[in-house]
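Me: Got a minute to go through a model with me? I'd like to start with the sheets.
Reply: Sure, paste it in.

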Amino acid sequence: MTSDATPTSTSTVHVDSVERAAATPDREQPYAALGLTDGEYAEIRALLGRRPTSGELAMYSVMWSEHCSYKSSKKYLRRFGDKVTPKMREHLMVGMGQNAGVVDIGRGWAVTFKVESHNHPSYIEPFQGAATGVGGIVRDIIAMGARPVAVMDQLRFGDLADPDTLRVVHGVVAGIAHYGNCLGLPNIGGETVFDKVYQGNPLVNALAVGVLRHEDLRLANATGAGNKVVLFGARTGGDGIGGASILASDTFSAGGPTKRPAVQVGDPFAEKVLIECCLELFHGDLVEAIQDLGAAGISCATSELAANGDGGMRVDLDAVLLRDPTLTAEEILMSESQERMMAIVTPEQLEGFLAVTAKWDVETSVLGEVTGTGRLEITWHGETIVDVDPSTVAVDGPVYDRPVARPSWIDALQADSASALPRPTEGGELREALLALLASPSLASPAWITDQYDRYVLGNTALSFPDDGGMIRVDEESGLGVAIATDANGRYSLLDPRAGAQLALSEAYRNVAVTGASPLAVTDCLNFGAPTNPEVMWQFAEAVDGLADACLALEVPVTGGNVSLYNQTGSTAIHPTPVVGVLGTIDDVAKRIPSGWQDDGLNLYLLGTTALELDGSAWAGVVHDHLGGRPPAVRLEAERDLAGLLAAGNDEGLIAAAHDLGEGGLAQTLAEAVLRFGLGARVWLGDIEERDGVDTATALFSESTARVLVAVPREEDVKFVGLCAGRRVPALRIGVTDVESGTLEVQDRFEIPIEELRAAHEGTLPARLGARVGG
Amino acid sequence: MTRIGVVTFPGSLDDGDARRAIRLSGAEPVRVWHGDHDLQGVDAVVLPGGFSYGDYLRCGAIAARSPIMTEVVAAAGRGLPVLGICNGFQMLTEAHLLPGGLVRNDHGAFVCRDQRLRVEQAGTAWTNAFAGGEEIVVPLKNGEGGFVADADTVERLEGEGRVVFRYLGVNPNGSVADIAGIANDRGNVVGLMPHPEHATEPGFGPDTADAMRSGVDGLRVFRSALAALLAA
């Protein structure tokens, strides 16, 4: 190749071309500083038959990182694909491997949803880290051809009493609020947990949901030689470059930019415009495929589009619009500047495409085209700086079978059961324990947080916080909608990661069922410690295996998700935290079930049975600061029966309210249901104690699974009891709603005025974080 | 059928909700584009909520200088009913169709809540379907909703009966004199921070004592415009 490039700025910029790489095989390369091992570097050299250029090295280093390649987890994630039934495939339009899974929900509509982590950036720079976490997951949704319609966040912070927690909470919540509110997406629910194990490593997971007509579905594949490769959206800058700065300073002359913020900076306005622009492109049939630029930026988008396509791709980096003209080719390849998309456009579509981006004032440049060579070729300053098989970058990265070891400490931990802890028996002690749980940071009202999120925008929110799941109307004509709930319990997962993952699925599945929707599909975000620790790898393997088995048993497929490893500070890993999101459908959102009652004299039924299962419970943690034993039994068949009963009962209009039993047990559920509309109830526990052979404290605080509290109108009582009997769901009448009393009364035990419950529930977060408006 | 335009700016978010509310009130919603100079002969205009231009410079400042606003200002001068909701209210003050301004909430954070309001003035184009003094509940959601004006302006607004909505119970953003919404002297231009379009459809509004999310108090804001146009 003739080198006719005219280096733009100075002669100090030299191009490490393919030609030069072939000619200088022995040049030292900073692969270790970029995170590649000796073995990985040798493999790259073998794949190319020469040393990589610095551009190729940049691409491989980011694409073969744990974050992009899933090299430690891939072996296990395959189990989700292996354990499926035909029924699980029935509604699945797109499964794992694309930007997000897509599920058919009927009437020509489909839904795409996914949960992803943005943990480390959110600790370093909470506001921008959390904000760009929302932005990234929303772009994944757009890439499928869908309109984003809602977001949720799964947040795990350190001890609420620790001063640094305030820094993280204020930043993260403001960042999510800023980005999500400015995008015009309702925030319809999520999780908030405070636990000192997350002190040095908070978890900020973000879930987004999108809807589309079947015919609008797009896959991010670069096909059709001659089609244009177009970059549009924000300009490319120096933000989000981690390893590249090392490369730049090691390999290139001084004077260029060296220190770059590793956390990206988001602009939700740019993303909002990009959403509208992309949807107009899709609906005008002006684009073949769109891929978002997230982690690894142009490296990822070009290699994934080309690898998923049928040919190759040629791209000229000089055509990339830059915020900073001094960026090197390697930095351009690795930049994680936000609010950018890459499109594949036919030559015939191009004029219309550019008209739409111009209408929305979105900057656009044609970088190159799809080729038939099977190679990804990237040029800069007239020289070829990348010439690779895109599959080797994006798909066939290294796969590790890391050592796995059952932790030596786990037997002792499991032997330390909470059943040995003293349990209250007196009414006063029971009352005190209920209030302590209700006021504990993880069970207290998160209204201080959720008040900062817009839940109304788009006008389709049928349920949101504080109900068990979020629900969105998809089709205005029929009322067809979807419900989503997420769950994870790190405490259970520490005691038994297999059961912990299954319990997260059980709870999310149940939370969807109590809204009146039928569970259909799953997404997950698997947050764990360092995979180089065999004990962490064991936890991971157990959790994935357990989750795959439970998905099979409940016949809900995993459609996609994310793995986040290295969540640890120093040598202490976080609790294994497999966040599981379940999506369900409801044929008319008008039939949704609230989590509290608004009428007097409704009968309260407890569905399911209660056992002495206090290990890992909120009661053990809050009252005794204890964590040990084995988590509650996983009862998947009972969960299925329960979900079926709720759907059938709701169809017949028998259920006025339903609220899941989870952390904090029946006590927490009763308190929340009373507080939902501020209307009281009278409850008796004697029948539970007698039937299940448990004491009062166990009846109130046990976290046995497959249980739901339902409120049934008196006139439907006979039908409801008959339905439960017919479906083999244990049902016990334990109380009645009483709107005059103004209290939650547990007969013969204690009574708590609603205002006292409210003060306990709503006071905790504002006391630490600042006053709540109107609170 | 009465046609009510809803202007979409880059960064408008509640434009679809405003169009739905107009439809539910019995009028025909018309999409109007910020970059045009054409109001398409509509009978009234809504400037919807959102973060037009990312709230760059000041909320509503850039949108207030967009091509369509030239037409909106001129039409408002001829008596066309104009409603500015949230970001739309900010645009109306930036365009000097309404006095005062909106600043960051006194507590510093974005807030979303079901807000009690009193309809102080039922004589405007957008409130004639209410009774004066009536109490309603409408969602509020903003980060920069604190209404400010100098003492003379506030006194004039109060004296001329141009305070249209007032916060009840809680002042959610530090607005002077609990002012939630105001009108121009003719009563055809109204701006308010709360979102009446989010309380127009049973199932998707604020909770009421009777049923979850069933509040539709906002519907009468849009019905008022229809009544005003019929009377004109």
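Me: What's the strand order in the open sheet of chain A that has strand 8 in it?
Reply: The order is 8-10-7-11-9-12-13, which makes 7 strands with mixed pairing. Strands here are DSSP runs of E, at least two residues, and helices are runs of H or I, at least four, numbered from the N terminus. Two strands pair if DSSP finds at least two bridges between them. By the way, this is a predicted model: local features need pLDDT (the predictor's confidence in each residue, from 0 to 100) of at least 70, side-chain atom pairs count only at pLDDT 80 or more, and totals for chains, interfaces and linings use all residues. Residues are numbered from 1 along each chain as its sequence is written, while chains are lettered from A and ligands numbered from 1 in the order in which they are written.

Me: Which strands stand at the edges?
Reply: Strand 8 (289-292) and strand 13 (383-388) of chain A. Each has a single partner strand, so one side of each has no neighbour in the sheet. From one strand to the next, the twist averages 25°. Angles like that run from 0 to 180 degrees between N-to-C directions, with axes fitted to C-alpha atoms, for helices over the stretch in contact.

Me: How many bridges join strand 7 to strand 11?
Reply: 5, and these two strands of chain A, residues 228-233 and 364-371, run antiparallel. Val229(A) has Gly368(A) of strand 11 as its bridge partner.

Me: Which strands does helix 8 touch when it packs on that sheet?
Reply: Helix 8 of chain A touches strand 8 and strand 10 (340-345), and its direction makes about 170° with that of strand 8. Touching means C-beta atoms, placed from the backbone, within 7 Å.

Me: OK, and how do helix 8 and helix 11 of chain A cross?
Reply: The axes of helix 8 (residues 126-143) and helix 11 (residues 268-283) cross at roughly 5° and come within 11 Å. The two helices are therefore roughly parallel; under 35 degrees counts as that, over 145 as roughly antiparallel, 65 to 115 as roughly perpendicular and the rest as oblique. Helix 8 brings Gly135(A), Val138(A) and Ile142(A) to the contact, and helix 11 brings Pro268(A), Glu271(A), Ile275(A) and Cys278(A). By class, that's 5 nonpolar, 1 polar and 1 charged. Ala, Val, Leu, Ile, Met, Phe, Trp, Tyr, Cys and Pro count as nonpolar, Asp, Glu, Lys and Arg as charged, and the others, Gly among them, as polar.

Me: Switching topic: how many residues does the contact take from chain A and chain B?
Reply: 30 from chain A and 28 from chain B. On the chain A side, helix 9 (163-183), helix 11 and strand 14 (461-463) each supply at least two residues. Helix 9 gives the most, with 4. That side of chain A has 16 nonpolar, 8 polar and 6 charged residues. The predictor gives the complex an ipTM of 0.97 and a pTM of 0.94.

Me: Back to sheets: what order do the strands form in the one with strand 23?
Reply: 23-25-22-26-24-27-28 in chain A, an open sheet of 7 strands with mixed pairing. Strand 23 (657-660) and strand 28 (750-753) are the edge strands. Leu607(A) stands opposite Val708(A) in strand 25.

Me: Last one: where is Pro466(A) found?
Reply: In the loop between strand 14 and strand 15 (470-473) of chain A. The peptide bond from Phe465(A) to Pro466(A) is cis, with omega near 5°.

Key. Contact = placed C-beta atoms within 7 Å.
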